[in-house]
Amino acid sequence: MPANGRTVHIAGAGIAGLTLALALAKFGVNVVVLERNPALSAFGAGLQISPNARRILDRLGLSEAIGARSFEPQGIDVYPFRHGQPLVTLELGEAVRARYASPYAVMHRADLAEVLHAACKRFANIEIVFGVEQLSVESRDGGVLVSAPQLAAIGRSGEGFAFVGADGLHSPTRRKSLGGPDARYAGRLAWRALVPLEATRGLIAPDRTSLLLGPGYHLVAYPLPHRGLANVVVFSPARRPQADAESRPTRPDLPRASTRDPRLSALLSLAGDTWTAWPLYTVRTGDWHRGNISLIGDAAHAMLPFQAQGAAMAIEDAAVLAPLLATSPDAGTAFRRYQMARQRRVTRVARVSRANGDIFHMRWPLALARNAAMRMGGAQSHFRRLNWLYGYDAEAGTSPGTT
Ligand SMILES: Cc1cc2nc3c(=O)[nH]c(=O)nc-3n(C[C@H](O)[C@H](O)[C@H](O)COP(=O)(O)OP(=O)(O)OC[C@H]3O[C@@H](n4cnc5c(N)ncnc54)[C@H](O)[C@@H]3O)c2cc1C
C-alpha cells in the first residue's frame, strides 16, 4: 500500500507505541517514533497476552514470532489461603483457542517489545529515533510541529499530521501538552522476581499459571519455559510508593498471616533478595486528546494489573486508532472517534481489575463465601464472566454475546 502522505509522530517505543507504529505503517502512514531511552528497554517481567490482544498482534503478522517466544498455560490453578490443592483450575490452553480462535499466552515483556521492534524495522515508512530529549509538540492548524534536537540531527522538519503520546504512566504528553493529571498511587506494590523454572518443581504446575490468594495479598506465578524461568509476582498493600523502590532489591513485605502458607513461603524464598518492588499507579482522565495531539496505552488509562490487561488495552487502542488516523479527514476527528470507541471499554476493564484486587485479598469470613462461589463456578466460570473481554474484536468493535 503506498504511503498516504501523512506523518504521525509517536512519543514512546513501549508496547503501545510500537504496536501503533506497525498498525499505522500497514495503512501506508509515515511514522516517526521518538523514544527517550537510548535503546529498546529490556525492563519488566512477565506479561499475559489474552486473546483479545493476541488476535490483533496475529493480524499484524506476528503470530509466528510471538508463538516462538511465548508459552500457552493449560489453565490457572487457584489456591486459597493455605490450601494444599487448587480449589479450581480455570481452563486455558485449547479451551481458549476453541472459544476465541486465538490463544492465551504468557511471555517476557522484553520479548514482546523485541518482536514488535523487529517487525517495525521491516517497514521503510517507520523510523525509530532513540535517546530523544527535550521533546516538545505544538498543535497547529492542520497538524503538529514536533521539536527535539535529535529530529533536527537526522534532517526531519518535525511537521506532521498528528502526535500520539505513548509515553507511559507518567506521560509528559498527558501532563504537559494536554494539561492532564498526574498518575495516582494505588496504595499497592507489585513485588516481581524471575526464578529458575527448575526450582519451582513441586510448588507450581509446570504447564499452568498459579494464583495464590491470601488475606491482604495475592501471588501470581507462571512458567516462561523458553527462558528457563518462572515469573513470580506478589501484590501487597503499602501506604507509600517507596521512592526509587524499583532499583532496590529486597523481599516482599506481606501481612503477617502470609507466613502460615507454606507454598507461598517456599515461592518467596526461591527468589531470595532478587525481588524488585513496583509501586502501582493508575491514570484517570476524560481528556485523551486536544487539537491534533492524543494519548494511547498507560498514558491515557493506566490500570491496576489484577486482570492482566494494561498492555492488552494498549494493543487494542492501537488497532482502533490506526485506521482512524489513516482515513479521517483530520486528526481531531480521528481522536474524537477513537476516544468514543475506547473509553467505555477501558473504564470497564479498569473497574474489573480493581474489583479483582478486593476479591483476591478477602479475609475470613468473606473469603469462605468467595471460595465457595469459585468452586461452584467451575473450570469455565471465567469464560462466562469475561466473554465480553476476551471475545472482543477491537478492529470490528464487536464481541460475541456481549453482556
Ligand atoms: C506488575 C505488573 C504486571 C502486569 N501484567 C500485565 C499482563 O500480564 N498483561 C497486560 O496486558 N498488562 C500487564 N501489565 C500492564 C502493562 O505492563 C502496561 O499496561 C503496558 O506495558 C503499558 O505499555 P505502554 O507502551 O503504554 O507504556 P510503557 O511500557 O511504559 O512505555 C512507555 C514508553 O515511553 C517512553 N517515554 C516516556 N517518557 C518519554 C518522553 N518524554 N519522550 C519519549 N519517550 C518517553 C518510555 O521510555 C517507554 O519506552 C502489568 C503491569 C504491572 C505493573
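This is a tutorial dialogue about reading features in a predicted model.

Biologist: What should I know about the ground rules first?

Modeller: The model is predicted, so local features need pLDDT of at least 70 and side-chain atom pairs count only at pLDDT 80 or more, while totals for chains, interfaces and linings use all residues. Residues are numbered from 1 along each chain as its sequence is written, and side-chain values use heavy atoms, with hydrogens and water left out.

Biologist: Let's start with the ligand. Which residues come nearest?

Modeller: General idea: a residue is near a molecule or strand if one of its heavy atoms lies within 4 Å of it. Here 27 residues surround the ligand, and those that come nearest are Ala16, Glu35, Gln48, Asp298 and Ala311.

Biologist: And how do those 27 residues divide by type?

Modeller: Ala, Val, Leu, Ile, Met, Phe, Trp, Tyr, Cys and Pro count as nonpolar, Asp, Glu, Lys and Arg as charged, and the others, Gly among them, as polar. On that scheme the shell has 13 nonpolar, 8 polar and 6 charged residues.

Biologist: Which backbone atoms make polar contacts with the ligand?

Modeller: A polar contact is a pair of N or O atoms within 3.5 Å; within protein, one must be able to donate a hydrogen and the other to accept it, and residues adjacent in sequence count only if both atoms are side-chain atoms. In this case a backbone N or O atom of Gln48 sits 2.7 Å from a ligand oxygen, and a polar backbone atom of Ala16 is 2.9 Å from a ligand oxygen. Ala308 also takes part, with a backbone N or O atom 3.2 Å from a nitrogen of the ligand.

Biologist: How much of the ligand does the protein bury?

Modeller: Accessible areas come from the Shrake-Rupley method with a 1.4 Å probe, and for residues only the protein chains shown count as cover. The ligand taken alone exposes 1000 Å², of which the protein buries 88%.

Biologist: Which elements give two or more residues to that shell?

Modeller: Helices (H or I, at least four residues) and strands (E, at least two) are DSSP runs, numbered from the N terminus. The contributors are helix 1 (15-26), strand 3 (46-49), strand 13 (184-196) and helix 9 (310-327). Helix 9 supplies the largest share, 3 residues.

Biologist: Now the sheets. In what order do the strands of the open sheet run?

Modeller: Two strands pair if DSSP finds at least two bridges between them. The open sheet has 6 strands in the order 8-2-1-12-19-18, with mixed pairing. Its edges are strand 8 (126-129) and strand 18 (289-290), each of which pairs on one side only. Inside the order, strand 1 (7-11) and strand 12 (162-165) run parallel, joined by 4 bridges, and His9 stands opposite Phe163.

Biologist: What does strand 13 pair with?

Modeller: Strand 13 runs antiparallel to strand 16 (229-237) over 9 bridges, and antiparallel to strand 17 (276-282) over 6 bridges. To find the register in the model, look for Trp191 opposite Val234 in strand 16 and Ala190 opposite Trp278 in strand 17.

Biologist: I see positive phi values flagged. Where are they, and are those residues buried or exposed?

Modeller: Buried means under 20% relative accessible area, exposed over 50%, partly exposed in between (1.4 Å probe, protein chains only). Gln134, not a glycine, has a phi of about 50° and lies in the loop between strand 8 and strand 9 (136-140). Gln134 counts as exposed because its relative accessibility is 63%. Ala308 has phi near 55° and belongs to the loop between helix 8 (298-301) and helix 9. With a relative accessible area of 18%, Ala308 is buried.

Biologist: Which peptide bond is cis?

Modeller: The one from Trp364 to Pro365, with omega near 5°. Pro365 falls in the loop between helix 10 (331-360) and helix 11 (366-377).

Biologist: Last one: what does Asp393 touch?

Modeller: Contact means heavy atoms within 4.5 Å. Not counting residues up to four places away in sequence, Asp393 touches Arg55, Arg59 and Thr398. Asp393 sits in the segment after helix 12 (381-390), and its side chain reaches the backbone nitrogen of Glu395 at 3.2 Å. Asp393 counts as buried because its relative accessibility is 15%.
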